[in-house]
Amino acid sequence: MQKVKAKKSLGQHFLTDENIASRIAESISPGELPAGAAEWGRIPIMEVGPGMGILTRYLMETGRPLKAVELDHESVEFLSHLYPGLDVMERDFLQMDLSKAFDGPFALIGNYPYNISSQIFFKVLEFKECVPVAAGMLQKEVAERICSKPGSKVYGILSVLLQAWYDCEYLFNVEPGVFSPPPKVRSGVLRLTRNSRENLGCDEAMFKTVVKTAFGQRRKQLRNSLSSLIGPGSTLLNDPLLSERPERLSVEQFIDITNRLR
């Protein structure tokens, strides 16, 4: 079979290292998942952007139900010939209703296209009740941002929104030389597992607005960046917490501010 030509418009960089592919697949196995999350190592799997199927093979070896979502028609044809029994959907993952993908929860995994990796994880948030575990490879900078803690310079919107619902772990680095063609950036592999939080304890839509508004002017103190939400004369303006910049606040502190704004 002729190999698939990587398409820049789709952000394709095909992984060529079998060992790394195996390690990524292993990240959602029962033995590798955190304590209390081993049950999610047996649920069905959805792979995003399988490309030429190097990760797909290791996922198929788990024996778990597997669906692959691929936008590139050439890759779909390649995978259909390489793995005749594979359920390959020629779809745009970002447009899918994930609640209809399986009869129950599933694990999400992939060597995610770098140009839409943040959008993929916002999609995970939208369907967090369907996706108790998500893992895979993306640009190192984005993976580090997702997993960063309060006080870090890269801590931001995606960090707070994801960490409200998931425990985020940065697993390992991947160098450019194991891709064809090699990307101009380093890559990183992460894993997200649902935490025990059942609800935020605040209005979720308002919480998102507060976080996005705060980080929209991340160099400013919160009393300034959130001024459009607080309104003049509010006693909240005198709270010492609002003298902080957004990257200093934990998820719980953002929840507290949201409740007080309501």
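These legends walk through several close-up views of a predicted model.

**View 1. The whole sheet comes together from seven strands, in an open arrangement**. Reading across, the order is β4-β3-β2-β5-β6-β9-β7, and the pairing is mixed. Strands β4 (87–89) and β7 sit at the edges with a single partner strand each, so one side of each has no neighbour in the sheet. From one strand to the next, the twist averages 20°. As a reminder for the views below, strands of a sheet pair through backbone hydrogen bonds, in either a parallel or an antiparallel way.

**View 2. Strand β2 (residues 45–48) has buried side chains pointing both ways**. Ile45 and Glu47 point to one side, Met46 and Val48 to the other, and all of them are buried. This fits a general pattern: in a regular strand the side chains alternate between the two faces of the sheet. Look out for Glu47 here, which is buried along with the others and has Ile109 of β5 as its bridge partner.

**View 3. Strand β2 is flanked by β3 and β5 in the sheet order**. With β3 (residues 66–69), β2 runs parallel and is joined by 4 bridges; Val48 stands opposite Val69 of β3. To get from β2 to β3, the chain passes through helix α2 (residues 54–60), and this β-α-β crossover is right-handed. On the β5 side (residues 107–111), 4 bridges again join a parallel pair. There, Ile45 faces Ala107.

**View 4. Strand β6 (residues 133–139) is mostly covered**. Of its 7 residues, 7 are buried. Strands β5 and β6 run parallel and share 5 bridges, with Gly110 opposite Gly136 of β6. Helix α4 (residues 117–126) completes a right-handed β-α-β unit with β5 and β6. Strand β9 (residues 187–194) pairs with β6 too, but here the two run antiparallel, joined by 7 bridges. A handy landmark in this pairing is Met137, which stands opposite Val189 of β9.

**View 5. Cysteines are present, but the structure holds 0 disulfides**. Why is Cys130 without a bond? Its closest cysteine sulfur, in Cys168, is 18 Å away, which is too far. Cys147 is in no disulfide either, and the sulfur of Cys168, the nearest to it, is 5.3 Å away. A disulfide here would need the two sulfur atoms within 2.5 Å. Cys130 is buried, at a relative accessible area of 16%, and Cys147 is buried as well, at 11%.

**View 6. Glu169 lies in the edge strand β7 (residues 166–174)**. Is Glu169 buried or partly exposed? With a relative accessibility of 25%, Glu169 counts as partly exposed. Glu144 makes a good second point to pick out: Glu169 and Glu144 are 25 residues apart in sequence, and their C-alpha atoms are 9.1 Å apart in space.

**View 7. Helices α7 (residues 204–216) and α10 (residues 251–261) pack against each other**. The angle between them is about 110°, and their axes are 9 Å apart. The two helices are therefore roughly perpendicular, since angles from 65 to 115 degrees count as such. Their crossing is right-handed.

Note on methods:
Residues numbered from 1 in each chain as written. Predicted model: local features only at pLDDT ≥ 70, side-chain atom pairs only at ≥ 80, totals over all residues. Heavy atoms only, no water. Buried < 20%, exposed > 50% of the residue type's maximum accessible area, 1.4 Å probe, protein only. Pairing = 2+ DSSP bridges. Right-handed = clockwise from strand over helix to strand, strands pointing away. Axes fitted to C-alpha atoms, helices over the stretch in contact; angles between N-to-C directions. Parallel < 35°, antiparallel > 145°, perpendicular 65-115°, else oblique. Left-handed = near helix turned anticlockwise from the far one by under 90°.
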